[in-house]
Every structure is written in C-alpha cells, then in structure tokens.
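Welcome! Open your viewer, get your selection tool ready, and let's walk through this model together, stop by stop.

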Amino acid sequence: MFDLGGVAIEIDLDPMLDHWQPYSTLSPAELRSRLRIDEPYRQHERGEIDAGAYMRHLAEVFEIRADVSTVAAGWNAMLVKPVDATLALIARMRRQLPCCAFSNTSAIHRDTWSARFPALDDAFDRLFLSFELGLRKPDTAAFEAVVEEIGKPPGSILFFDDTAENIDAARSVGLESVLVRGPRDVADALVRLGLLDAGWGRLVDEGG
C-alpha cells in the first residue's frame with residue numbers, strides 16, 4: 001500500500017507559491033510563512049468542503065486577489081510529475097501481489113493527476129482516497145477503514161509513506177510500514193523482504 005504525494009507523485013510547493021505570488025499582497029517570505037495544515041485543509045481532504053470553498057479559503061489566507069480558477073491553478077501546480085522509479089517498482093510488485101494507494105487528497109487533485117498523469121490511475125489495483133473515505137491519515141480510523149476494505153490482517157499489509165506521523169499511525173494499527181524519502185527506500189524494503197532481487201537497487205539509482 002503506497003501513499004501518492006511524495007511517494008508516487010513528486011510534490012513541490014514552490015510552483016504553487018510562484019503562481020500565486022503576482023496576485024498576492026504578501027512578500028514571498030510572508031507567503032511561505034502562511035503554509036500550514038489547518039482545519040479547512042483537513043475538511044477539504046475529507047470531502048467535507050468542496051474545491052470552490054477551499055480555494056476561497058486559500059485566497060483569504062494567502063491574500064490572493066484573483067478568481068477561483070487562478071487559485072486552483074496554483075494549488076494544482078504542486079503536482080509536478082510521477083516518480084517513475086517508484087512506479088516501476090509498483091509495476092514489478094503487481095506481478096506478485098496486489099498493490100493499492102492510500103492518499104490524503106482532494107477531488108480537485110484527483111482530477112488533475114488523472115488528466116496530467118493518466119498512467120497513475122492504472123498503476124494500482126485500488127485507490128483509497130481520503131475525500132472519498134471521509135477519513136484521512138494519520139487518524140487511526142482511516143487506517144482501520146482501509147484495512148477492513150482490503151480484508152487482510154494488518155500485519156500482512158506493507159505500507160509506504162513519506163510522513164513520519166502517518167508511519168507511526170500505521171504501525172499503531174499493526175501495519176508493516178516504511179518511511180520513504182525516495183525510490184531507493186522502497187526498493188531497499190522490498191529487497192530486504194525478499195520480494196525483489198538486490199539488483200533493483202542499482203537500477204533505481206541509475207533511473208534517478
């Protein structure tokens with residue numbers, strides 16, 4: 001089970017802030033200082049508020065004088081590109097085991113990556129997305145709901161995520177979990193468990 005942002009999709013907040021900067025009354029440093037996970041952010045990822053309402057919230061927080069579509073274009077600019085080396089590992093794993101994604105995300109980001117990176121939708125056997133579940137990581141209820149849907153014991157699920165808080169929560173409900181800083185962490189874990197040949201680490205390094 002794989003997180004998406006930071007694991008299978010490269011995330012960079014700089015393109016988002018760069019897009020907003022011409023429309024904001026804030027300096028670049030002030031703009032960056034207002035980055036935070038607040039309650040509207042969580043509500044948006046749980047599907048409790050729609051994209052329009054959340055974009056208006058962002059416009060207020062970042063003092064953006066622009067229409068909703070301009071704010072949304074910046075919000076979507078953080079989705080940079082697929083992490084090809086990780087997707088290659090997932091494709092290899094699917095020859096042996098089912099692979100699913102479990103991501104904190106929103107409908108607007110789902111629509112964006114589906115349009116920009118359509119191969120992502122086909123990279124997994126199943127997608128568990130927070131805005132559809134009504135639950136998000138690191139809430140243990142989110143992990144418990146996904147485990148129940150999968151229908152396997154938690155200890156039989158290997159989870160990859162780039163956020164330590166999510167890893168800790170996953171472990172608290174019994175999932176085997178790996179903190180990911182890049183594709184090599186995914187490859188090393190799979191090699192260590194005997195699911196991949198050691199040569200994959202070299203291939204991942206060569207692929208960047």
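Start by selecting F143. In this predicted model, F143 is buried, with a relative accessible area of 1%. Now add F159, which counts as buried at 0% relative accessibility.

Keep both on screen and look at their rings. How far apart are the centres of the rings of F143 and F159? They lie 5.4 Å apart, and the planes meet at 85 degrees, so this pair is edge-to-face. Colour the surrounding elements too: F143 sits in helix α9 (residues 140–150) and F159 in strand β5 (residues 158–161). With their positions 16 residues apart, the pair links distant parts of the chain.

That is one of nine aromatic pairs found by a search of the whole structure. For another, select Y41 and W75. Their ring centres are 6.2 Å apart and their planes stand at 80 degrees, so this pair is edge-to-face. Here the link runs between helix α3 (residues 39–45), home of Y41, and helix α5 (residues 68–76), home of W75. The two residues are 34 apart in the chain. Buried or exposed, what are Y41 and W75? Both are buried.

Next, select F2, F124 and F160 together. Ring pairs link these three into a cluster.

Stay with rings for one more stop: show F102 and K137. The charged end of K137 sits over the ring of F102, at 5.1 Å from the ring centre.

Now move to helix α11 (residues 183–192) and show its side chains. Which residues of this helix are buried? They are P183, V186, A187, A189 and L190. Turn the view to look down the axis: these buried residues cover an arc of only 165 degrees around it, which puts them on the same side of α11. Then step just past the end of α11 to G194, which takes a positive phi of about 80 degrees.

For the last stop, select C99 and C100. A disulfide is a covalent bond between the sulfur atoms of two cysteines. How many disulfides does the structure hold? The count is zero. Why is C99 not bonded to C100? The closest cysteine sulfur to that of C99 is in C100, but it is 7.7 Å away, too far for a bond. Seen from C100, the closest cysteine sulfur is that of C99, again at 7.7 Å. Both cysteines are tucked out of view: C99 is buried with a relative accessible area of 4%, and C100 is buried with 10%.

Key
Residues numbered from 1 in each chain as written. Predicted model: local features only at pLDDT ≥ 70, side-chain atom pairs only at ≥ 80, totals over all residues. Heavy atoms only, no water. Phe/Tyr/Trp six-rings, centres within 6.5 Å; stacked < 30°, edge-to-face > 60°. Helix = DSSP H or I, 4+ residues; strand = E, 2+ residues; numbered from the N terminus. Buried < 20%, exposed > 50% of the residue type's maximum accessible area, 1.4 Å probe, protein only. Lys NZ or Arg CZ within 6 Å of the ring centre and 35° of its normal. Arc of directions from axis to C-beta. Disulfide = S-S within 2.5 Å.
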